[in-house]
Amino acid sequence: MPRLGLRTRLFLSHLVVMIVGLSTLLTVGKLYSPRLFVLHLEKMEEGSGSNLLTLFRRELMEGFESAWSRGALWSVAIGGTAAGGLSYLVAKRIMQPLIQIEQVTQKVAAGHLEERLPSSEIPELNRLALSFNRMASNLEGVEQRRRELVSDLTHELRTPLTVVEGYLEGLADGTIDPSTDIYQRLAKETARLRHLVNDLQELSQAEAGYLPIRAQKLEVRPLLVSLMQKFSDQLLEEGPHLKLDCPADLPPALADPERVEQILVNLLGNALRYTKEGSITIRAWSQTRQIWIAVIDTGQGIATDELPHVFERFWRSDRSRDRHSGGTGIGLAISRRLVELQGGTIDVQSELGKGSIFRFSLPLA
């Protein structure tokens, strides 16, 4: 049976109050007024010795009106009390959760994001409470991520700043002789700071949806061939081999070429960084109105318990705690957001010691 809406229940509750009042009025009037009228007639019979029709009629009318007036007075008093009591109970039942909502919202506005609304017997207010609790949970999560971001950012900036500060103090007090090597190290650390700031800015814009996405018809194979040529120049003879597995008749995707290239550069860069030997394969295929692109390596892999955290900002697995390895820990977070902004999804499969598969989808043109 479908539940009635709040407006309908309020109308029915007031209708019930009105029916109760009228019923009380009629019931008390019907039971009390005739009794008074009979008592009045009995008094008239005892005091009247003659047949005075006119006087009798007048006395009847006066007695009836008196009885009905007294009965109506009692009916209004009792009915009004009953109706008022029911109205108070109904109003209290509705207003109590509303007052709780007001109190909790004030606490949340004051910064107590852990506050939650209790469930309500009224379906509409219960749905409102559930929506508010979801909003409060999201706000609490945002605040927690903000604190983690500040903590992670402070941790990431501390290392290069400490190095730069140490070298500059040594150069200033003469304990370190100025040399080309020292200046190169300083330039490297400042470059890391610049890359970190740029990545943070791009991540912030991506998460806020401010990065422009110029989706267009994109031929995927020529883009992959171009990337293969660029990354082949970075490989050493004893390093991994780059392979391309892409059909010539692959249909075009609807995506931003620059953003897709940025995603692949991040994925290929990570694969090259953690694959010392073996192969790195770029595979592309179409499936259910989507183009899938995967970067498959035979590198160190990722532990199973670490896979849920791969796309978190500043995440690094145990294999790559060294911050001088080149990454800022933000590239995968940016890649995930860029894929989502283009209407796709990204995931990872990996086994420690055997390699990883990063793949993402794009809609067909």
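This is a short tour of the structure, one selection at a time.

**Stop 1: colour by confidence**

You are looking at a predicted model, so begin by colouring the chain by pLDDT. The average over the chain is 79, and 77% of the residues score at least 70. Where is confidence lowest, and where is it highest? Helix α1 (residues 6-47) has the lowest mean, 67, while β5 reaches 95, the highest. Now select residues 318-326, where the pLDDT is below 50. Beyond near neighbours in sequence, that stretch has 17 contacts in the model.

**Stop 2: the sheet**

Switch to a cartoon view and look for five strands that form an open sheet. Their order is β2-β4-β5-β7-β6, and the pairing is mixed. Which strands stand at the edges? They are β2 (241-245) and β6 (346-351); each has a single partner strand, so one side of each has no neighbour in the sheet. Follow the sheet across and you will see it twist, by an average of 15° from one strand to the next.

Next, select β4 (residues 279-287) together with β5. These two strands run antiparallel and are joined by eight bridges. As a reminder, strands of a sheet pair through backbone hydrogen bonds. To see one bridge pair, pick Arg-283 and its partner in β5, Ala-294.

Add helix α5 (residues 220-232), which packs on the sheet and touches β2, β4 and β5. The direction of α5 makes about 175° with that of β2.

**Stop 3: aromatic rings**

Show the side chains of the aromatic residues. How many aromatic pairs does a search of the whole structure find? There are two. In one of them, the rings of Trp-285 and Trp-292 have centres 6.4 Å apart and planes at 15°; planes under 30 degrees apart count as stacked, so this pair is stacked. Is each of these residues buried or partly exposed? Trp-285 is partly exposed, at 23% relative accessibility, whereas Trp-292 is buried, at 9%.

The other pair is Phe-311 and Phe-358, with ring centres 6.1 Å apart and planes at 85°, so the arrangement is edge-to-face. This pair links distant parts of the chain, 47 residues apart: Phe-311 lies in the loop between β5 (290-297) and α7 (331-341), and Phe-358 in strand β7 (residues 355-363). Both phenylalanines are buried.

Before moving on, return to Trp-292 and add Arg-359. The charged end of Arg-359 sits over the tryptophan ring, 4.3 Å from its centre.

**Stop 4: Ser-361 and helix α7**

Stay in strand β7 and select Ser-361. Ser-361 is buried, with a relative accessible area of 0%. Among its contacts beyond four places in sequence are Gln-290, Ile-291 and Trp-292, along with Val-339. Val-339 belongs to α7, where it is buried, as are Gly-331, Leu-332, Ala-333, Ile-334, Ser-335 and Leu-338. Just after α7, click on Gly-343, which takes a positive phi of about 85°.

**Stop 5: Ile-182**

Finish in helix α4 (residues 180-208) by selecting Ile-182. Ile-182 is buried, with a relative accessible area of 8%. Which residues does Ile-182 contact, leaving aside neighbours within four places in sequence? Show Tyr-167, Leu-171, Ile-176 and Asp-177 to see them. For a last distance, pick the C-alpha atoms of Ile-182 and Val-164: they are separated by 10.0 Å, with the residues 18 apart along the chain.

Conventions. Residues numbered from 1 in each chain as written. Predicted model: local features only at pLDDT ≥ 70, side-chain atom pairs only at ≥ 80, totals over all residues. Heavy atoms only, no water. Phe/Tyr/Trp six-rings, centres within 6.5 Å; stacked < 30°, edge-to-face > 60°. Buried < 20%, exposed > 50% of the residue type's maximum accessible area, 1.4 Å probe, protein only. Helix = DSSP H or I, 4+ residues; strand = E, 2+ residues; numbered from the N terminus. Lys NZ or Arg CZ within 6 Å of the ring centre and 35° of its normal. Pairing = 2+ DSSP bridges. Axes fitted to C-alpha atoms, helices over the stretch in contact; angles between N-to-C directions. Contact = heavy atoms within 4.5 Å. pLDDT = per-residue confidence, 0-100.
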